[in-house]
Amino acid sequence: MKFTTSIIKHSDISEEELTEICKLKAIRWEYTLKQHKKWMAENIRPNDFHVLIKDGEESIAYTNLVDITAIINFKNVSVRGIGNVCTSETGKGFGNVLMEEVNKVLVAHDWKGILLCIDHLVPYYEKFDWKLVDKNTIKTEKFSDINFMIYNFEDVVTSLEYADRNF
Ligand SMILES: CC(C)(COP(=O)(O)OP(=O)(O)OC[C@H]1O[C@@H](n2cnc3c(N)ncnc32)[C@H](O)[C@@H]1OP(=O)(O)O)[C@@H](O)C(=O)NCCC(=O)NCCS
């Protein structure tokens, strides 16, 4: 297996690359290619990044790193929202390759990472040193039924508010 990772700024992405990403997403989320493209057009902005991993010619894992702001410990903090995390197939270690690459990118850019996930995925992200934010510290009612996880934060998070866009 020869994995290659492309980090593509949304403002630079080609139509072919977007189609490739939407095809991969469609394996995990049952929407048509057109619907996936519409979601991208409506939710991804020029300064966001795509992380696409290939095994040879085949796309095997994807996420995006969305440029957002969270209010952490009562201050506006620029963070990257990690969204649309997916692999083409479970059980082949692609999930490991993806999160190891994501962490590398976050550290290399000195970006703080935030993601939202359901309960059963918390151990998956913990495997890659992502930390679960204590529910009592989350001040935004809207997200009371989902977990916030963070990576590459130096400070202890005692308060987290999020009112930026979906990712
Ligand atoms: C979540 C997802 C990206 C994980 O990737 P994957 O290809 O299934 O993961 P892998 O099979 O490569 O497993 C990687 C490792 O994580 C572990 N793992 C995977 N899912 C796990 C879970 N829910 N809890 C704990 N560990 C988990 C595996 O046991 C494996 O560990 P090992 O290498 O020590 O054996 C993938 O399942 C996916 O695309 N799911 C659908 C979309 C989705 O729900 N995305 C998350 C949005 S928050």
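1. Nonpolar core. In this predicted model, the largest nonpolar core holds 28 residues. Ile-72, Val-79, Ile-114, Phe-148, Leu-160 and Tyr-162 touch the most other members. Four elements give two or more residues to this core: helix H1 (15–28), E3, E4 and strand E7 (147–151). E3 supplies the largest share, five residues.

2. Ligand shell. The ligand has 20 residues around it. Val-85, Thr-87, Thr-90, Gly-91 and Asn-96 come nearest. By class, the shell divides into ten nonpolar, seven polar and three charged residues.

3. Polar contacts to the ligand. Start with the backbone. A backbone N or O atom of Val-85 sits 2.8 Å from a nitrogen atom of the ligand. A polar backbone atom of Gly-95 is 2.9 Å from an oxygen atom of the ligand. Arg-28 uses its side chain: an N or O atom there is 3.1 Å from a ligand oxygen atom. Val-85 is thus listed twice, once among the nearest residues and once for its backbone contact.

4. Cover and elements. On its own, the ligand has 930 Å² of accessible area, and the protein covers 67% of that. Which elements give two or more residues to the shell around the ligand? They are strand E4 (75–87), helix H3 (94–109), strand E5 (113–117) and helix H4 (122–126). E4 also gives two or more residues to the nonpolar core.

5. Salt bridges, overall. Side chains of opposite charge can pair when their charged atoms come close. The count here is six salt bridges. Three of them are taken up below, at points 6 to 8.

6. Glu-42 and Lys-38. Their side chains meet in a salt bridge, with 3.1 Å from N to O. Both residues lie in helix H2 (residues 33–43). They are four residues apart, so about one helical turn separates them. Is Glu-42 buried or exposed? Its relative accessibility is 54%, and therefore Glu-42 counts as exposed; the cut-off is over 50%.

7. Asp-67 and Arg-80. This salt bridge has an N to O distance of 3.7 Å. The pair links distant parts of the chain. Asp-67 is in strand E3 (residues 58–72), Arg-80 is in strand E4, and 13 residues separate them. What is the status of each partner? Asp-67 counts as partly exposed because its relative accessibility is 26%. Arg-80 counts as buried because its value is 6%, and buried means under 20%. The strands of this pair, E3 and E4, also contribute to the nonpolar core.

8. Glu-89 and Lys-92. These two form a salt bridge, and their closest N and O atoms are 3.6 Å apart. Glu-89 is partly exposed, with 37% relative accessibility. Lys-92 is partly exposed too, with a relative accessible area of 44%.

9. Val-51. Where does Val-51 lie? The answer is strand E2 (residues 49–55). Its relative accessible area is 0%, so Val-51 is buried. Val-51 and Glu-20 are 31 residues apart in sequence. In space, they are 12 Å apart, C-alpha to C-alpha.

How values were computed
Residues numbered from 1 in each chain as written. Predicted model: local features only at pLDDT ≥ 70, side-chain atom pairs only at ≥ 80, totals over all residues. Heavy atoms only, no water. Near = heavy atom within 4 Å. Polar contact = N/O pair within 3.5 Å; in protein donor to acceptor, adjacent residues only side chain to side chain. Areas by Shrake-Rupley, 256 points an atom, 1.4 Å probe, with all protein chains shown as cover. Nonpolar A, V, L, I, M, F, W, Y, C, P; charged D, E, K, R; others polar. Salt bridge = Lys/Arg side-chain N within 4 Å of Asp/Glu carboxyl O. Buried < 20%, exposed > 50% of the residue type's maximum accessible area, 1.4 Å probe, protein only. Core = buried A, V, L, I, M, F, W, Y, C linked by side-chain atoms within 4.5 Å.
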